[in-house]
Amino acid sequence: MPELPEVETVRRGLSPAMEGVVIDQADVNRPDLRWPFPERMAERLTGQTVQKLRRRSKYILADLSSGETLLIHLGMSGRMTVSGDPLGQFVHEHPITQKHDHVVFHMANGARVTFNDPRRFGAMDLLQTATADDHKLLSVLGPEPLGNDFHEQHLIDAFRGKNTPIKSALLDQGIVAGLGNIYVCEALFRAGVSPRRKASQISATRVAALVPIIRKVLQDAIEAGGSSLRDFRQADGELGYFQHSFDVYGREGEPCRTDGCGAPIKRITQSGRSSFYCAQCQR
């Protein structure tokens, strides 16, 4: 599942092709993805200007001139790619429509934005912009980890009395939005905190230190264009490169990269997900 850096990378890639541009035509080639598309979705999108592209957690939000917002969730295998951009930022010609090109946006500037999703775990919805925060998928989200509302005291308060492992606590989207398995593993390694530790048993000082570390991990991943695991691609079709910088994720049995350590990276299963960590460096 794409995490915050991947979604932010896609949003940034889509921005020059879509932001401030009219959707000349929207093609909706099936009735649903993860759930049914909104009624008359193609009609409601066609002719609208994309006034702003935002990201909330792992969702892309396109605010339209109609007063509606298009919510886009990439799911496990969803991709949004741009072709034919007249600004010269995308070199791809318009490809032949593929089997899993479920939604296609023909932009007034000549760009084509295609949502392709072989597994159909992605989703789209239309909601009123003024009340978008009340949508069932958005109303339950905690603060953005790169925003001002995610600060040391917030995390200290959230972990107080929390008897779940810190790994599970950081994956709780009500505590912090957009974090997923990959970047929680990486952040805990940089912080020297074991994923096994109960959140409530970690000192306030160590919890507070996690905030800048989480931000730095995410910023590093965004700068590298995200991580190319399985199906993720950037909006221009290129791979992300942060996976080449993983310290622990996916490195089971390989030596820890910390100077003077070299202990093998371990993998355990927590809540059905793999946690990678160094038992020597993370306590």
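**View 1. Contact between helices α3 and α6 in the predicted model.** Glu-152, Leu-155, Ile-156 and Phe-159 of helix α3 meet Ala-204, Val-207, Ala-208, Leu-210, Val-211 and Pro-212 of helix α6. By class, this contact between α3 and α6 comprises nine nonpolar residues, no polar residues and one charged residue. Helix α3, which spans residues 152-159, and helix α6, which spans residues 204-223, pack at an angle of about 130 degrees, and their axes are 8 Å apart. Because that angle falls outside the ranges for roughly parallel, roughly perpendicular and roughly antiparallel pairs, the last of which begins over 145 degrees, α3 is described as oblique to α6. The crossing that α3 and α6 make is right-handed.

**View 2. Burial of helix α5.** Helix α5 covers residues 181-191, and since nine of its 11 residues are buried, the helix is largely enclosed by the rest of the structure. The buried residues run through Asn-181, Ile-182, Tyr-183, Val-184, Cys-185, Glu-186, Ala-187, Leu-188 and Phe-189. These buried residues of α5 pack against helices α1 (4-18), α4 (166-171) and α6, and also against strand β10 (273-277). Just after α5 comes Gly-192, whose phi is positive at about 70 degrees.

**View 3. Surroundings of Val-104 in strand β6.** Val-104 is placed in strand β6, which is formed by residues 101-107. With a relative accessible area of 6%, Val-104 lies under the 20% limit and is therefore classed as buried. When its neighbours within four places in sequence are left aside, Val-104 is in contact with Gln-25, Ala-26, Asp-27, Asn-29, Arg-112, Val-113 and Thr-114. One of these partners, Thr-114, is 10 residues from Val-104 in sequence, while the C-alpha to C-alpha separation of Val-104 and Thr-114 is 4.5 Å.

**View 4. Positive phi values at Arg-40 and Ser-271.** Arg-40, although not a glycine, has a positive phi of about 50 degrees, and this residue lies in the loop that runs between strand β1 (23-28) and helix α2 (41-45). Ser-271, likewise a residue other than glycine, has a positive phi near 50 degrees, and its place is in the loop between strand β9 (266-270) and strand β10. The relative accessibility of Ser-271 is 70%, and because the class of exposed residues begins over 50%, Ser-271 counts as exposed.

Methods. Residues numbered from 1 in each chain as written. Predicted model: local features only at pLDDT ≥ 70, side-chain atom pairs only at ≥ 80, totals over all residues. Heavy atoms only, no water. Helix = DSSP H or I, 4+ residues; strand = E, 2+ residues; numbered from the N terminus. Buried < 20%, exposed > 50% of the residue type's maximum accessible area, 1.4 Å probe, protein only. Contact = heavy atoms within 4.5 Å. Axes fitted to C-alpha atoms, helices over the stretch in contact; angles between N-to-C directions. Parallel < 35°, antiparallel > 145°, perpendicular 65-115°, else oblique. Left-handed = near helix turned anticlockwise from the far one by under 90°. Nonpolar A, V, L, I, M, F, W, Y, C, P; charged D, E, K, R; others polar.
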